Protein chains: 4
Amino acid sequence: MTGPKTAGGYSRIQTQKRAAIFAAALEIFARHGLRGASLEAIAAEADMSKQNLLYYFDGKEAIFVELIQQLTDLWLEPLAQIDPAGEPVAEVLAYVQRKLVMSQNHPRESRLFATEILQGVPHIKHLYEGPMKAMVDRTVALLQTWMDAGQIRAVDPHDLLFSIWANTQHYADFSAQINLIKPMTREERYANAERFLTDMYRALLVVQD
Amino acid sequence: MTGPKTAGGYSRIQTQKRAAIFAAALEIFARHGLRGASLEAIAAEADMSKQNLLYYFDGKEAIFVELIQQLTDLWLEPLAQIDPAGEPVAEVLAYVQRKLVMSQNHPRESRLFATEILQGVPHIKHLYEGPMKAMVDRTVALLQTWMDAGQIRAVDPHDLLFSIWANTQHYADFSAQINLIKPMTREERYANAERFLTDMYRALLVVQD
Amino acid sequence: MTGPKTAGGYSRIQTQKRAAIFAAALEIFARHGLRGASLEAIAAEADMSKQNLLYYFDGKEAIFVELIQQLTDLWLEPLAQIDPAGEPVAEVLAYVQRKLVMSQNHPRESRLFATEILQGVPHIKHLYEGPMKAMVDRTVALLQTWMDAGQIRAVDPHDLLFSIWANTQHYADFSAQINLIKPMTREERYANAERFLTDMYRALLVVQD
Amino acid sequence: MTGPKTAGGYSRIQTQKRAAIFAAALEIFARHGLRGASLEAIAAEADMSKQNLLYYFDGKEAIFVELIQQLTDLWLEPLAQIDPAGEPVAEVLAYVQRKLVMSQNHPRESRLFATEILQGVPHIKHLYEGPMKAMVDRTVALLQTWMDAGQIRAVDPHDLLFSIWANTQHYADFSAQINLIKPMTREERYANAERFLTDMYRALLVVQD
DNA sequence: GATGAATGAGATTTCATTCAT
DNA sequence: GATGAATGAAATCTCATTCAT
């Protein structure tokens, strides 16, 4: 009741502890999902007691929601950097590459996101209705403009985005499968992926005359 | 110990009950994940008592494992149908289409599979070392032959497969996200997807001279 | 309901099956006690199904009670053979020896009996009030006669019996402890025991003049 | 995982609660055996909730093991008090008496111990290989010395110990049987027992010249 | 006689959470 | 801020037993 949740800002120590909890929760949630994760495990990973953890957060779900909200920014960032004034094909390919880098550097975050969506987005519906939708709409409109102007091939812009997400996130989310089928170092895997995806999207988007 | 878990075949009633349980489990597992699902819920969905369910299976995990093993066949079937003697580009596009149809008709199965992989393939590693690896290896070799012969564009055949899986399964596994971003009927969604993916893979694979 | 329990006599096959069940039950009960034993385990040991077993007996407790009633005869037999007309010291020593042989040849029966008594004789109280009491009373009276006549040393005849039971049964019931403290073959153990107990009871009983 | 199972000592409240649980468990285990006892029953006897009990112990078996390990000390104590410098016959008779007093004052402990041994010492084998063996070996060696010196009759020292254990513990472990055969007050029973056993072991051990 | 199918009762155990200090 | 103590709810699983064929 007297926890730091009511305060507007967080003290230094609170911020530190919360960060530690977020890191631990990310680890555990990514591995076991929301339901599969136990407070126990998160607390152990964060090197604190369950009760202390509950002093900082209202419960398991609360941690999860806050965590996944933070991830939204991470997820949207590559999209936000698309430059309407840039060269269209290059812009899309650069976006693909940024998403891929994100996958490589934040595989747990990616898996956490994937888990949430697989379960039907039960916790972050409001984000989709707010900032994400806005950003996606903006991008779709931009792609459509480029297509209308004949600067990239005319395909369904939504499907193009879905495809980029699917392809880039696949290397993080399904890495277990990839490793079983073709064992590689992470570097090799992502080098390969970049080459392949660049080829594919260039082939798709470049307009033949 | 008590149930019909003895070796050999299953009687008619056993087969029926097991099928009912599998159907119910698929529904529940796809909705809540392995941990999130309760025997109670599966039993209710299958319209039987928990104990009766336990008479047929050793526990939740046992159902899950058997269920997901069955799904492997579903997953491999479209791959098995690739005809080495067919026209290469058409064969790959037909495979893409078959995978997409599978996604459309078996979204829960696809999500269940995705969950297993996301968690690191804890239950069916052995399948990857056996039948799945064999089938994938065969396909990769075939693609390589076609590439070497200049019949399809030379890309990494593994990445090509990963990409097809990622794209086609995405429409089932991440449908919650898709629906939030662009609400459509299922038919529209898959019609769009087919058009887009056909365009993309044709653009990628057809060799320009 | 139609089981063989209502019949007066048993058919050949019934007798065989019941014998098999008794043997299995003895094994399992001696190892785990009444509560610790499961029908499952007894059925497995008897190489039949739980349901079949229940066709022959009304339940776990029923098997136990019948089994332990049978053992009573075994337990009383050495006592019954004491000859009032024999030489007193020799008769008692012979009784000790018979009990010891019984322990050696029927350790599981002995342990089963011990378990029942340890738990407070919940199932065979009536036996103690009937045949066992009669036989014990007879023996106590006989011992008392011999003591009164100065043929064996005068001690409390009840305590003498208790002591003989304790000593002889100890080698079967607590064999696990004995084996841990002084590993021996069964033959050695009982040879030692016989020598020791003969010495002890002769020293006790022989009247010095 | 949650409870006070961390290494180190126990707080006052922990010590109290644990003691209460041990007392309750002793009562219940002695009455129903390990399998027959339920956490529910132990918790009720200890006047606490099942979950609170589980906060202190990992489960039924864990309580049992700790409890029976504690009893070992009780069991060894009378043995440890044998004085190598004392008068041999008197020392042994005093040991018999101490064991008998222990039986009289701790019948439930004795029965619990007996149960464990009857089942084949599944939980405390390690103790037999450690402290118990050491103490028994010491005593056997001492008895042998006395026998070699002609101070007590030469018999197998192990069998002598077994006999003392069997006789003294019998009055606690098999009291149900004794009560059925010869109802007495506890005081009478033990007074009788002491007289009888003293007679018997004196007759056995005193060396006639 | 034998057995597959089903079930009710109950036991253990996990886990998020609350309370008091 | 932190933690030891306690608890309610629910989930898994075991087991004796019944029923129908």
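Colleague: New to this one. What is 3.4 Å from an N or O atom in the side chain of Lys60(B)?

Modeller: That's a phosphate oxygen of DNA strand F. Keep in mind that this is a predicted model.

Colleague: Okay. Which side chains of chains A and D have a polar atom by a phosphate oxygen of strand F?

Modeller: Ser11(A) has a polar side-chain atom 3.0 Å from a phosphate oxygen of DNA strand F. Over in chain D, an N or O atom in the side chain of Ser11(D) sits 3.3 Å from a phosphate oxygen of that strand.

Colleague: And which elements give two or more residues to the surface near DNA strand F?

Modeller: Chain A brings helix H1 (12-36) and helix H3 (50-56), and chain D brings helix H1 (12-36) and helix H3 (50-56) too. From chain B there's helix H3 (50-56), while chain C gives helix H2 (39-45) and helix H3 (50-56).

Colleague: How many residues surround the strand, and which are the closest?

Modeller: 37 residues surround DNA strand F. The closest are Ile13(A) and Tyr56(A), plus Gln14(D), Gln51(D) and Tyr56(D).

Colleague: What sort of residues make up that surface?

Modeller: The surface near DNA strand F has 16 polar residues, 13 nonpolar and eight charged.

Colleague: On the DNA side, what share of the strand F atoms within 4 Å of the protein is sugar or phosphate?

Modeller: It's 51%, with the rest belonging to bases.

Colleague: Switching topic: how many residues do chains C and D put into their contact?

Modeller: Chain D puts in 50 residues and chain C 51 residues. About 4,700 Å² is buried between them, and carbon and sulfur atoms give 67% of that area. On the chain D side, Leu118(D), Leu180(D) and Ile181(D) supply 16% of what chain D buries against chain C, more than any other three residues.

Colleague: How many salt bridges are there between the two?

Modeller: Two salt bridges. In one of them, Asp156(C) pairs with Lys182(D), at 3.2 Å from N to O. There are also 11 residue pairs in polar contact across this interface.

Colleague: Which element of chain D gives the most to the side touching chain C?

Modeller: H8(D), with 12 residues. By class, that side of chain D has 25 nonpolar, 13 polar and 12 charged residues.

Colleague: Last thing: what is the mean pLDDT of chain A?

Modeller: Chain A has a mean pLDDT of 92, and 96% of its residues reach 70 or more. Among its elements, H1(A) has the lowest mean at 90, while helix H8 (residues 157-173) of chain A has the highest at 98.

Note on methods
Residues numbered from 1 in each chain as written. Chains lettered and ligands numbered in written order. Predicted model: local features only at pLDDT ≥ 70, side-chain atom pairs only at ≥ 80, totals over all residues. Heavy atoms only, no water. Near = heavy atom within 4 Å. Polar contact = N/O pair within 3.5 Å; in protein donor to acceptor, adjacent residues only side chain to side chain. Helix = DSSP H or I, 4+ residues; strand = E, 2+ residues; numbered from the N terminus. Nonpolar A, V, L, I, M, F, W, Y, C, P; charged D, E, K, R; others polar. pLDDT = per-residue confidence, 0-100. Contact = heavy atoms within 4.5 Å. Buried area = accessible area lost by both parts, 1.4 Å probe. Salt bridge = Lys/Arg side-chain N within 4 Å of Asp/Glu carboxyl O.
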